[in-house]
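Reader: I've got a structure open and I'd like to talk it through with you. Can we go residue by residue and then strand by strand?

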Amino acid sequence: MLTIVAHRWRLARATPPAQPSLDFGQAVQVRTWNPDGTARVAYRGADWDADLVTAETPRAETMYIVATRANTLVLSDRKPSP
């Protein structure tokens, strides 16, 4: 009986695995590049702020979402692997 209670307690306290963002790997169209490397991009029918994943990332017209930071998309020039 104690084994069952301990098992249920452990399952109730377990944290669920993190779900990957549905935006991960999606293509965006760059509207404008700013001198500081940030951009405004079109995604899901709206304009978003975006940053490059690294300062050395090449700029392109089509970029790919690799992460999000609050309301800012993080972009790469290469589509990430799933």
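Reader: Let's start with Val53: what is its relative accessible area, and is it buried, partly exposed or exposed?

Author: Keep in mind that this is a predicted model. Val53 sits in the loop between β3 and β4. Buried would need under 20% and exposed over 50%. Val53 falls in between, so it counts as partly exposed, with a relative accessible area of 39%.

Reader: Which residues does Val53 touch, leaving out those up to four places away in sequence?

Author: Ser81 is 28 residues along from Val53, and their C-alpha atoms are 15 Å apart. The contacts of Val53, once residues up to four places away are set aside, are Val66, Val74, Leu75 and Ser76.

Reader: Now the strands. In what order does the closed barrel run?

Author: Strands of a sheet pair through backbone hydrogen bonds, either parallel or antiparallel. Here the pairing is mixed, and five strands close up into a barrel. From one strand to the next the twist averages 55°. Going round, the order is β1-β2-β3-β5-β4.

Reader: How many residues lie between β4 and β5 in their hairpin?

Author: β4 covers residues 62-69 and β5 covers residues 72-76, and they pair in the antiparallel sense over five bridges. Arg69 has Thr72 as its bridge partner in β5, while Tyr64 is bridged to Ser76 of β5. Ala70 is in the turn, with a positive phi of about 55°. The number of residues between the two strands is two.

Reader: And which residue of β5 is the bridge partner of Leu52?

Author: For this one, turn to β3, which pairs with β5 in the parallel sense over four bridges. In β5, the partner of Leu52 is Leu75.

Reader: How many residues of β5 are buried?

Author: Look at both faces of β5: Thr72, Val74 and Ser76 are buried on one side, and Leu73 and Leu75 are buried on the other. The rest of the structure largely encloses β5, because its buried residues number five of five.

Reader: Which strand gives the largest share of the largest nonpolar core?

Author: That core has 11 residues, among them Val28, Ala50, Met63 and Leu73. β1, β2, β3, β4 and β5 each supply at least two of its residues. The largest share is three residues, and it comes from β2.

Reader: Zooming in on Ala50, which residues does it touch, not counting those up to four places away in sequence?

Author: Ala50 is one of the residues in that largest nonpolar core, and so are Ala39, Val41, Leu73 and Leu75. With residues up to four places away left out, Ala50 touches Thr38, Ala39, Val41, Thr72, Leu73 and Leu75.

Reader: What about α1: how many of its residues are buried?

Author: α1 has 12 residues and reaches 17 Å from first C-alpha to last, close to the 16 Å expected. This helix is hardly covered, and its count of buried residues is zero.

Reader: Last one: which side chain makes a polar contact with the side chain of Asp23?

Author: Asp23 lies in the loop between α1 and β1. Its relative accessibility is 15%, so Asp23 counts as buried. Not counting residues up to four places away, Asp23 touches Tyr43, Arg44 and Ile65. The polar contact, at 2.8 Å, is with the side chain of Arg44.

How values were computed: Residues are numbered from 1 along each chain as its sequence is written. This is a predicted model: local features need pLDDT of at least 70, side-chain atom pairs count only at pLDDT 80 or more; totals for chains, interfaces and linings use all residues. Side-chain values use heavy atoms; hydrogens and water are left out. Buried means under 20% relative accessible area, exposed over 50%, partly exposed in between (1.4 Å probe, protein chains only). A polar contact is a pair of N or O atoms within 3.5 Å; within protein, one must be able to donate a hydrogen and the other to accept it, and residues adjacent in sequence count only if both atoms are side-chain atoms. Contact means heavy atoms within 4.5 Å. Two strands pair if DSSP finds at least two bridges between them. Axes are lines fitted to C-alpha atoms, for helices over the stretch in contact, and angles run from 0 to 180 degrees between N-to-C directions. A nonpolar core is a set of buried Ala, Val, Leu, Ile, Met, Phe, Trp, Tyr and Cys residues joined through side-chain atoms within 4.5 Å. The expected span of a helix is 1.5 Å times one less than its number of residues.
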